[in-house]
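Trainee: Could we go through this model together, starting with the terms you rely on?

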Amino acid sequence: MKMNTTQKHISAKAIPLTGMVGVLVIAYGLDRWLEVQRKMAAQTLNSVPHYWLWIGANLLIAGSLLALSWLVIFRGDRSRPVASILLIVGLLLTLYPIFAVTAYSAFSVPEPMRLLAYLLPNSLLAHSGAFLAVIGLVSLVSGKRGES
């Protein structure tokens with residue numbers, strides 16, 4: 001079954017955005033899973049397996065982000081709306097800890113949102129957000145453009 005031009009246009013925008021959501025879900029899931037593993041390692045006083053799991057998680061998220069960047073920058077149509085969404089979502093995830101701490105101290109919010117625990121600057125989710133912002137920025141400033 002052949003795709004018409006409209007379907008190709010929609011697909012070209014949906015695939016990178018779906019990939020972005022997929023990478024963020026993977027990063028969030030790995031952060032939660034590594035937290036459970038960290039607690040188990042603290043109970044057994046054996047942290048060596050935890051380090052191997054951390055290395056594996058880093059490799060998995062790095063491969064996912066590399067694949068997404070290849071898809072958006074080299075393979076995709078580089079549309080402005082998709083690049084803008086990647087940039088905005090990435091910046092929000094990257095800057096969230098500052099926003100949460102500011103709201104906590106300035107507005108006397110009872111406690112920062114639970115998401116802060118998974119968006120600390122050293123989390124995979126925060127690293128993914130920063131990488132998404134860079135992918136979006138590179139896609140916006142690059143020369144070759146597809147249909148917007």
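Mentor: Buried means under 20% relative accessible area, exposed means over 50%, and partly exposed lies in between, using a 1.4 Å probe and protein chains only. This is a predicted model, in which local features need pLDDT of at least 70 and side-chain atom pairs count only at pLDDT 80 or more, while totals for chains, interfaces and linings use all residues. Residues are numbered from 1 along each chain as its sequence is written, and side-chain values use heavy atoms, with hydrogens and water left out.

Trainee: Is L125 buried or exposed, then?

Mentor: L125 counts as buried because its relative accessibility is 5%. L125 lies in helix α4. Helices here are DSSP runs of H or I with at least four residues, strands are runs of E with at least two, and both are numbered from the N terminus.

Trainee: Which residues of α4 are buried besides that one?

Mentor: The buried set in α4 includes L124, A126, S128, G129, L132, A133, I135, G136, S139 and L140.

Trainee: How far apart are L125 and L30 in space?

Mentor: Their C-alpha atoms are 8.6 Å apart, although 95 residues separate L125 and L30 in sequence.

Trainee: Let us step back. How many helices and strands does the protein have?

Mentor: There are four helices and zero strands, and the order along the sequence is α-α-α-α. Of the 148 residues, 32% count as buried.

Trainee: What span should α4 have?

Mentor: The expected span of a helix is 1.5 Å times one less than its number of residues. Helix α4 covers residues 124-141, so its 18 residues should span 26 Å, and the end C-alpha atoms are indeed 26 Å apart. For α2, residues 48-75, the 28 residues reach 39 Å from the first C-alpha to the last, close to the expected 40 Å.

Trainee: And which residues of α2 are buried?

Mentor: They are H50, A57, I61, S64, L65, L68, S69, V72 and I73.

Trainee: What does L68 touch?

Mentor: Contact means heavy atoms within 4.5 Å. Setting aside residues up to four places away in sequence, L68 touches P16, G19, M20, V23, L132 and I135.

Trainee: Which residues have the most contacts inside the largest nonpolar core?

Mentor: A nonpolar core is a set of buried Ala, Val, Leu, Ile, Met, Phe, Trp, Tyr and Cys residues joined through side-chain atoms within 4.5 Å. The largest has 22 residues, and L68, L86 and L124 have the most contacts inside it. Each of α1, α2, α3 and α4 supplies at least two residues of this core. In soluble globular proteins, nonpolar side chains tend to be buried together.

Trainee: What about W70, which is in α2?

Mentor: W70 is partly exposed, as its relative accessible area is 47%. W70 and I135 are 65 residues apart in sequence and 9.3 Å apart, C-alpha to C-alpha.

Trainee: Now α1. Why does K13 count as buried?

Mentor: K13 is found in helix α1. K13 is buried because its relative accessible area is 17%. The C-alpha atoms of K13 and V72 are separated by 9.4 Å, with their positions 59 residues apart along the chain.

Trainee: And Q37, what is in contact with it?

Mentor: Leaving aside neighbours within four places in sequence, Q37 is in contact with H50 and L53. Q37 lies in α1, residues 5-44, and counts as buried at 16% relative accessibility.

Trainee: How many salt bridges does the count come to?

Mentor: A salt bridge is a side-chain nitrogen of Lys or Arg within 4 Å of a carboxyl oxygen of Asp or Glu. By this rule the count is one. The side chains of E35 and R38 form a salt bridge, at 3.2 Å from N to O. E35 and R38 are about one helical turn apart, because they are three residues apart in helix α1. E35 is partly exposed at 27% relative accessibility, and R38 is partly exposed at 37%.

Trainee: Turning to the surface, which residues make the nonpolar patch?

Mentor: I88, L91, L92, L95, I98 and F99 make a patch of about 560 Å². Patches take residues with over 30% relative accessible area and no salt bridge, joining like charges within 9 Å and nonpolar side chains (Val, Leu, Ile, Met, Phe, Trp, Tyr) within 5 Å. I98 has its place in helix α3, residues 80-106, and is exposed at 54%.

Trainee: What does the accessible surface of the protein come to?

Mentor: The total is about 9,300 Å², of which 71% belongs to carbon and sulfur atoms. Such areas come from the Shrake-Rupley method with a 1.4 Å probe, and for residues only the protein chains shown count as cover.
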